[in-house]
Amino acid sequence: MSLFKISTECFLFPFCLSNIVSLPSSRNLQKLSLYGDTCVLQQEGLLDSSNLHQIHQGDKKINEIQQLFMELLSNSRQLRWLSCSFMLGLVTPCSLACLSNPSAETLQHLSLLDHQLGPLISPSELDRLANLNSLALDFSDLTSELCGLLASPRRTPLHRLSLLLNGAALEFKPLEGTATEDDWKALVRVSANLRVYIMALEVDSSELLRVLKPSLPLERLHLDSYSTLVTDATLELISQQYNKTLTHFLLLRDDPDFPDLSVNRNEDPLVLLAWRCTQLAVLVIHGYTVWSHNLGGHLSASRLQPSCPDCL
């Protein structure tokens with residue numbers, strides 16, 4: 001398969017240097033997506049998520065790929081989509097400064113997800129990208145300052161905001177300084193059609209309650225964990241705050257136990273969530289006990305059932 005598709009779109013395996021040497025010469029590149037792996041790039045042994053912050057930035061291979069990436073950005077002239085996820089040090093806080101001015105004006109989607117200590121996009125670089133309508137970041141990187149910039153009336157309204165909340169990274173990337181309730185209100189005033197997708201990995205309910213602000217226009221929520229248990233108080237808050245916006249809710253847990261969230265309650269909080277969220281189209285539950293009388297009775301009798309075809 002050719003590396004280029006109609007000379008405008010390219011998907012890369014990040015460390016196949018022989019395949020990307022020729023890319024900086026392409027000024028017609030419009031879409032660039034790079035995906036990494038948390039177990040590659042180390043010359044000796046494997047690197048797991050517990051010590052990602054200790055990547056040796058002087059490694060020759062990393063430096064070579066970083067340089068190629070920055071050349072790509074500087075040579076581009078009409079880049080519309082840039083996605084770089086889990087690249088183990090490929091993107092640095094200085095990378096976006098290499099993006100050419102023409103591409104800064106045409107860029108509409110930006111995705112920067114990593115486990116690094118610091119944010120990958122600075123306020124000054126975000127300010128250059130005035131026509132973004134879709135953005136994906138680590139939740140900890142969405143600071144109050146960045147949210148304020150996104151709320152500027154001089155920018156193209158934001159339509160999609162995807163946020164990754166990784167519980168294992170909160171020790172190194174805490175939530176202090178992230179967007180406040182007032183920040184969300186200001187952003188929604190400018191971007192009235194904004195919809196937010198949050199994926200939370202192994203995050204305690206106490207941390208979730210900190211980030212789920214009332215004015216956040218949450219459309220999709222994916223809670224995934226091995227052992228962390230979501231609380232009924234969290235489900236109650238979700239069902240009340242986002243009853244008019246939530247369309248997708250995924251609750252996944254891999255622990256061999258199957259907790260029953262309806263214990264000592266008159267109603268199962270998952271049933272209440274499905275009933276209250278009037279826009280809910282997809283409900284996925286794995287790793288929790290859901291009684292047949294709740295699925296067959298409460299959900300089928302719910303007034304939401306006709307508009308919730310993918311409930312499981």
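This passage describes the helices, strands and nonpolar core of a predicted model.

The protein contains ten helices and ten strands. It has 312 residues, and 46% of them are buried. Contacts often link distant parts of the sequence. Of the contacts with a separation of 6 or more, 74% are between residues 24 or more positions apart.

Several strands are paired side by side. Strand S3 (residues 81-85) runs parallel to strand S4 (residues 109-113), and five bridges connect them. Within this pair, Ser83 lies opposite Ser111 of S4. S4 also pairs with S5, again in the parallel sense, over four bridges. Here His109 faces Ser134 of S5. S5 (residues 134-138) is joined in turn to S6 by five bridges, and these two strands are parallel. Ser134 appears in this pairing as well, opposite Arg160 of S6. Finally, S6 pairs with strand S7 (residues 195-201) through seven bridges, also in the parallel sense. Arg160 has Arg195 as its bridge partner in S7. The chain passes from S6 to S7 by way of helix H6 (residues 181-190), in a right-handed β-α-β crossover. A right-handed β-α-β unit is also formed by S5, helix H5 (residues 144-150) and S6.

Two of these strands are well covered. In S4, five of the five residues are buried. Their side chains are divided between two directions: His109, Ser111 and Leu113 point one way, while Leu110 and Leu112 point the other way. Residues on both sides of S4 are buried. Strand S6 (residues 160-166) has six buried residues out of seven, so the rest of the structure largely encloses this strand.

Helix H6 has a buried side and an exposed side. Glu181, Asp183, Trp184 and Leu187 are its buried residues. Viewed down the helix axis, they fall within an arc of 155°, so they line one face of H6. The face turned away from this buried side carries Asp182 and Arg189, which are exposed. Among the elements that cover the buried residues of H6 are H5, S6 and S7. S6 and S7 are the two strands that H6 links in the crossover.

Helix H9 (residues 269-276) is mostly covered, with six of its eight residues buried. Those six are Pro269, Leu270, Val271, Leu272, Leu273 and Ala274. A polar contact is found at the start of this helix. There, a side-chain oxygen of Asp268 comes to within 2.8 Å of the backbone nitrogen of Leu270.

In soluble globular proteins, nonpolar side chains tend to be buried together. The largest nonpolar core of this model has 68 residues. Leu110, Trp184, Leu246 and Phe249 touch the most other members of this core. Helix H2 (residues 60-75) supplies the largest share, with four residues. Two of the four most connected members belong to elements described above: Leu110 is part of S4, and Trp184 is a buried residue of H6. With residues up to four places away in sequence left out, Leu110 touches Leu82, Leu96, Ile121, Leu129, Leu132, Ser134, Leu135 and Ala136. Ser134 is thus a recurring name: this residue touches Leu110, and is also placed opposite His109 and Arg160.

Conventions. Residues are numbered from 1 along each chain as its sequence is written. This is a predicted model: local features need pLDDT of at least 70, side-chain atom pairs count only at pLDDT 80 or more; totals for chains, interfaces and linings use all residues. Side-chain values use heavy atoms; hydrogens and water are left out. Buried means under 20% relative accessible area, exposed over 50%, partly exposed in between (1.4 Å probe, protein chains only). A polar contact is a pair of N or O atoms within 3.5 Å; within protein, one must be able to donate a hydrogen and the other to accept it, and residues adjacent in sequence count only if both atoms are side-chain atoms. Two strands pair if DSSP finds at least two bridges between them. A crossover is right-handed if, with the strands pointing away from the viewer, the path from the first strand over the helix to the second runs clockwise. The arc is that of the directions from the helix axis to the C-beta atoms. Contact means heavy atoms within 4.5 Å. A nonpolar core is a set of buried Ala, Val, Leu, Ile, Met, Phe, Trp, Tyr and Cys residues joined through side-chain atoms within 4.5 Å.
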